[in-house]
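Biologist: Could you walk me through this model over a coffee? I would like to hear how you read it.

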Amino acid sequence: MAIRFEFNGVRYNNVVDLSKALPPMTSVLIGWYDGAEILCANAAGLCYDTKIEYDFDGENYFLHGRGVKILKHCIESKHNTVLEHGTATFLKKVPIFVARQDLRARIASFDERSLRFCRADDGSLEYYIPDYLSEKRIKQLYARNEMDKAHFLEQMRNDWISWHEKAKEMYSHYADSELLEMLDRERVRETVRALLPLGISTVYLDTRNLWSWIHHAEKRLCLRAQKEIREIRQQEINQLKEVFPSIFKYVDKPCFTRGGCQEAIPCGKIKLDSNKQAITSSIEVNENS
Ligand SMILES: Cc1cc2nc3c(=O)[nH]c(=O)nc-3n(C[C@H](O)[C@H](O)[C@H](O)COP(=O)(O)OP(=O)(O)OC[C@H]3O[C@@H](n4cnc5c(N)ncnc54)[C@H](O)[C@@H]3O)c2cc1C
């Protein structure tokens, strides 16, 4: 098992320090089953009496030849159990509304930072601001003389920030108050988190086998899924492609893989053929149109 507690080139001694360094809406690969591609290919090899070749340079494993082909065959033919012999673990900091969607995919193991036992008065209660409420975006609208839009979004941004700040202040006031000595401290702390909005970030570890990562990705890379959950999934797939290139190079939106579009109402942004396979090149897809 390889572990790496690193973000933006900085190494941390533990996941607590790493989690504090992560900005909201980030998922970082912190652990993976090194050599999992060799193991998965050998699992398939065992099924068909196929001997798998690989190299090891003292640090990394390299799968080649029939090992790469057999993995491709298993992925395409949904011989899924082969991919269950490898795992990967991510540390995430995402708003609660993103975590709720993420945790719905059940073939996984989670551990989440508890607001009941961990304190918030160290500044670790962060919240998310969507892209369309960024200062830069609003300034651009003013510069283009789109006054109504700019005023509306500016007001919304101010409300968004003051709502979250007020919730943080109330939470910290009641959960961290010294007066809690007079009361049942734990009872207050376990309930007062109900004051926090869904935009507040939560931190958790998410471990899945490699089939489950593919399944989860294909569902949430689809343009019908919410932008934020897609972004998290794309971050994860990019990192998985680096450590498991033979397995994850095939992962994409379902309409770009053999699965084809599964949606009753397609997104309309990607041209499909009669088999619901994408015709548009993935580079041409304008997700924001
Ligand atoms: C675009 C989009 C919109 C969505 N909108 C909503 C929504 O509005 N409301 C909502 O509640 N959810 C919503 N979901 C969540 C969705 O319904 C699924 O719960 C989620 O995507 C997990 O899918 P899954 O069950 O295939 O994955 P997993 O839970 O990871 O399970 C993987 C596979 O294991 C098998 N499996 C797991 N558990 C069982 C079981 N108990 N019995 C039988 N087989 C099992 C199934 O084959 C399943 O496909 C949405 C998902 C997407 C992608």
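Modeller: Happily; we can take the overall fold, then the ligand, then the cysteines.

Biologist: Before that, what kind of model is this, and which cut-offs apply?

Modeller: Residues are numbered from 1 along each chain as its sequence is written, and side-chain values use heavy atoms, with hydrogens and water left out. Local features need pLDDT of at least 70, side-chain atom pairs count only at pLDDT 80 or more, and totals for chains, interfaces and linings use all residues, since this is a predicted model.

Biologist: How many helices and strands are there in the protein?

Modeller: Both are DSSP runs, helices being H or I with at least four residues and strands E with at least two. By that count the protein has 10 helices and 9 strands.

Biologist: What percentage of the residues is buried?

Modeller: Buried means under 20% relative accessible area, exposed over 50%, and partly exposed in between, using a 1.4 Å probe and protein chains only. Of the 289 residues in the protein, the buried share is 39%.

Biologist: Which residues surround the ligand?

Modeller: A residue is near the ligand if one of its heavy atoms lies within 4 Å of it. The residues around the ligand are Arg104, Ala105, Arg106, Ile107, Trp211, His215, Lys219, Arg220 and Ala225.

Biologist: What distance separates a polar side-chain atom of histidine 215 from an oxygen atom of the ligand?

Modeller: A polar contact is a pair of N or O atoms within 3.5 Å. Arginine 104 has a side-chain N or O atom 2.6 Å from a ligand oxygen, and for a polar side-chain atom of lysine 219 the distance to a ligand oxygen is 3.1 Å. For histidine 215, the distance is 2.7 Å.

Biologist: How much of the ligand's area does the protein bury?

Modeller: Accessible areas come from the Shrake-Rupley method with a 1.4 Å probe. Taken alone, the ligand exposes 940 Å², and the portion buried by the protein is 48%.

Biologist: How many disulfides does the structure hold?

Modeller: A disulfide is counted when two cysteine sulfur atoms lie within 2.5 Å. The structure's total is 0.

Biologist: Which cysteine sulfur is nearest to that of cysteine 47?

Modeller: Cysteine 47 is partly exposed, at 48% relative accessible area. Cysteine 47 is in no disulfide, and the nearest cysteine sulfur, 7.1 Å away, belongs to cysteine 74.

Biologist: Is cysteine 261 buried or exposed?

Modeller: Cysteine 261 is in no disulfide, with the sulfur of cysteine 255 the nearest at 6.2 Å. Its relative accessible area is 15%, so cysteine 261 is buried.

Definitions and conventions:
Polar contact = N/O pair within 3.5 Å; in protein donor to acceptor, adjacent residues only side chain to side chain.
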